[in-house]
Amino acid sequence: MTKIFVYGTLRKTGRFHHILEKSLFIGAGITPGRLFDVGSFPAAVFAKNFHAGAIVGEVYEVSKATLRQLDNLEGFRAKDMGGSLYLRFPLLVTFESGKVMQTEGYGWNRSVADMPVIPNGDYLKYVKGGNG
């Protein structure tokens with residue numbers, strides 16, 4: 001089983017959340033980095049500390065089969081890193097309780113130049129007009 005951090009369309013109420021419906025929800029948390037508006041989905045650029053900002057998301061424990069579905073959705077190809085739309089990175093996620101957990105998450109593998117920043121790192125709030 002793999003713990004995965006999701007921050008966009010895979011979150012609860014997101015249009016692709018159904019992929020995670022049989023996965024164990026561990027909790028909501030944040031990880032260092034910034035989100036960018038690609039159009040119909042966000043792009044994450046992860047960071048080593050919170051000086052760059054925080055990305056709001058959720059952690060799930062997923063099976064190998066679900067992880068393969070996620071890799072496919074995110075355009076991640078382990079044998080073609082350069083051709084992958086997203087790469088899977090190790091992340092530390094901090095929960096409201098202060099607990100920190102090692103997870104993985106999908107980070108953007110393209111330039112973010114000229115993409116709008118999602119100001120507060122919360123994609124769901126951003127798409128609902130809450131300025132993210």
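**Figure 1. Aromatic pairs, with a look at Y86 and W108.** Scan the whole structure, which is a predicted model, and six aromatic pairs turn up. The one shown here is edge-to-face, because the ring centres of Y86 and W108 sit 5.2 Å apart with the planes at 75 degrees. Y86 belongs to strand β5 and W108 to strand β6, so this pair ties together parts that are 22 residues apart in sequence. Are the two residues buried or exposed? Both Y86 and W108 are buried.

**Figure 2. An aromatic cluster, and a lysine over a ring.** Four residues make up one aromatic cluster: F5, Y7, F46 and F89. A second detail involves F25: K12 lies over the face of this ring, 3.6 Å from the ring centre.

**Figure 3. R11 and its salt-bridge partners.** Here's a question to start with: how many salt bridges does a search of the whole structure find? The count is six. In this view, the side chains of E58 and R11 meet in a salt bridge, at 3.7 Å from N to O. E58 sits in strand β4 and R11 in the loop between β1 and β2, so the pair ties together parts that are 47 residues apart in sequence. R11 also forms a salt bridge with D122, and here the closest N and O atoms are 2.9 Å apart. D122 is in the loop between β7 (117–118) and α2, while R11 is in the loop between β1 and β2, so this pair ties together parts that are 111 residues apart in sequence. Put together, R11, E58 and D122 are linked in a network of salt bridges. The charged trio is tucked away from the surface in terms of accessibility: E58 is buried, with a relative accessible area of 7%, R11 is buried at 8%, and D122 is buried at 8% too.

**Figure 4. The salt bridge of D80 and R77.** D80 pairs up with R77 in another salt bridge, with 3.3 Å between the closest N and O atoms. How accessible are the two partners? D80 counts as partly exposed, at 34% relative accessibility. R77 is partly exposed as well, with a relative accessible area of 41%.

**Figure 5. The largest nonpolar core.** This core has 30 residues, and those with the most contacts inside it are I4, Y7 and L70. Elements that give two or more residues to the core are β1 (2–6), β2 (24–37), β3 (42–46), β4 (54–62), α1 (64–74), β5 (86–95), β6 (100–108) and α2 (123–127). Which of them gives the largest share? That would be β5, with five residues. To see what surrounds I4, leave aside residues up to four places away in sequence: I4 then touches E58, V59, Y60, V62, L67, L70, R88, E104, G105 and Y106.

**Figure 6. The two sides of helix α1.** The buried residues of α1 are T66, L67, L70, D71 and E74. Why do they line one face of the helix? Seen down the axis of α1, the buried residues fall within an arc of 145 degrees, so one face holds them. Those buried residues pack against β1, β4, β5 and β6. Turn to the face of α1 directed away from the buried side, and you'll find the exposed residues R68 and N72. After α1 comes G75, which has a positive phi, near 70 degrees.

**Figure 7. A65 in helix α1.** A65 is part of helix α1. This alanine counts as partly exposed, at 41% relative accessibility. How far apart are A65 and M1 in space? Their C-alpha atoms are 9.7 Å apart, with the two positions 64 residues apart in sequence numbering.

**Figure 8. L85 in the loop between α1 and β5.** L85 is located in the loop between α1 and β5. With a relative accessible area of 28%, L85 is partly exposed. Which residues does L85 contact, leaving aside neighbours within four places in sequence? L85 is in contact with E74, G75, G107, W108, N109 and R110. As for I30, this residue and L85 are 55 residues apart in sequence and 22 Å apart in space, C-alpha to C-alpha.

Methods: Residues numbered from 1 in each chain as written. Predicted model: local features only at pLDDT ≥ 70, side-chain atom pairs only at ≥ 80, totals over all residues. Heavy atoms only, no water. Core = buried A, V, L, I, M, F, W, Y, C linked by side-chain atoms within 4.5 Å. Buried < 20%, exposed > 50% of the residue type's maximum accessible area, 1.4 Å probe, protein only. Helix = DSSP H or I, 4+ residues; strand = E, 2+ residues; numbered from the N terminus. Contact = heavy atoms within 4.5 Å. Arc of directions from axis to C-beta. Phe/Tyr/Trp six-rings, centres within 6.5 Å; stacked < 30°, edge-to-face > 60°. Lys NZ or Arg CZ within 6 Å of the ring centre and 35° of its normal. Salt bridge = Lys/Arg side-chain N within 4 Å of Asp/Glu carboxyl O.
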